[in-house]
Amino acid sequence: MATYRATIDWSLKDGEDFANGRYSRAHTVSFADHVVPATASHHIVGKWAAPGAVDPEEMLVASISNCHMLTFLHRARLAGFVVTRYRDAAEGVMEKNAEGRMAVTRVTLRPEITYAGKRPTDAERDHLHHEAHDECFIANSVKTEIVVEEVVAA
């Protein structure tokens, strides 16, 4: 078992109007060794979002993509493949779910993977992604549909 911690820190700035929703959503997310500037999504709060900061929905998509990649790299190594690059243009969709609540309902992973030497066949590649998905701790923790559409370079 492992325990993970994050500290979220926000405060109202002088001159902001909390009661009327006129306040910055800028805050920080601190982990053991680093701090990330964060905000609410500009899709939700418009000008009250902090430019250059990451929002929770982006962090969720990145977390799913990151976990899949790390697990895929491990599975590919065990299968005897040498991955030299993995780049994923992941995309999450936020919409109303079956209960009528807003949720990130689907995350599509679009990894482009470069190999040294032997490349997996289509079936081997699909199997590696299936194993990665099944073993990814984050994928096992969310209800969001996760789809992998690998972009195969020529």
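This is a chat about a sheet, a helix, a disulfide and a pocket in a predicted model.

Student: Hi! Let's start with the sheet. What order do the strands come in?
Tutor: Happy to help. The order is β5-β6-β8, making an open sheet of three strands with mixed pairing.

Student: Which strands stand at the edges?
Tutor: Those are β5, residues 91-96, and β8, residues 145-148. Each has a single partner strand, so one side of each is left without a neighbour in the sheet.

Student: And how much twist is there from one strand to the next?
Tutor: The average is 20°.

Student: OK, zoom in on β5 and β6. How many bridges join them, and do they run parallel or antiparallel?
Tutor: There are six bridges, and the two strands run antiparallel, with β6 covering residues 102-109. As general background, strands of a sheet pair through backbone hydrogen bonds, either parallel or antiparallel.

Student: Can you give me some residue pairs to click on?
Tutor: Sure! Try M94, which sits opposite V104 of β6. Then look at E95, whose bridge partner in β6 is A103.

Student: What about the turn, how many residues lie between β5 and β6?
Tutor: Five residues separate the two strands of this hairpin. One to check in your backbone angles is G100 in the turn, which has a positive phi of about 85°.

Student: Switching to helices: which strands does α2 touch?
Tutor: Helix α2, residues 56-78, packs on the sheet and touches β5, β6 and β8. The direction of α2 makes about 35° with that of β6.

Student: Now cysteines. Which ones are joined by a disulfide?
Tutor: C67 and C136 are joined, with an S to S distance of 2.4 Å. The count for the model is one disulfide.

Student: Where do C67 and C136 lie?
Tutor: C67 belongs to helix α2, while C136 is in the loop between α3 (122-135) and β8. The pair therefore ties together parts that are 69 residues apart in sequence.

Student: Last topic, pockets. What volume does the largest pocket have?
Tutor: About 440 Å³. Its lining has 14 residues, and Y4, R5, A6, F31 and S63 lie nearest the centre.

Student: Which element gives the most to that lining?
Tutor: That's α2 again, with five residues.

Student: And how does the lining divide by residue type?
Tutor: The lining of the largest pocket has 10 nonpolar residues, three polar and one charged.

How values were computed: Residues are numbered from 1 along each chain as its sequence is written. This is a predicted model: local features need pLDDT of at least 70, side-chain atom pairs count only at pLDDT 80 or more; totals for chains, interfaces and linings use all residues. Side-chain values use heavy atoms; hydrogens and water are left out. Two strands pair if DSSP finds at least two bridges between them. Helices (H or I, at least four residues) and strands (E, at least two) are DSSP runs, numbered from the N terminus. Axes are lines fitted to C-alpha atoms, for helices over the stretch in contact, and angles run from 0 to 180 degrees between N-to-C directions. Contact means heavy atoms within 4.5 Å. On a 1 Å grid over the protein atoms alone, a cavity is a set of points where a 1.4 Å probe fits but cannot get out, and a pocket is an open set with protein on both sides within 12 Å along at least five of seven lines; lining residues have an atom within 4 Å of a point. Grid points are joined across faces, edges and corners, and a volume is the space filled by probe spheres set on the points. Ala, Val, Leu, Ile, Met, Phe, Trp, Tyr, Cys and Pro count as nonpolar, Asp, Glu, Lys and Arg as charged, and the others, Gly among them, as polar. A disulfide is a pair of cysteine sulfur atoms within 2.5 Å.
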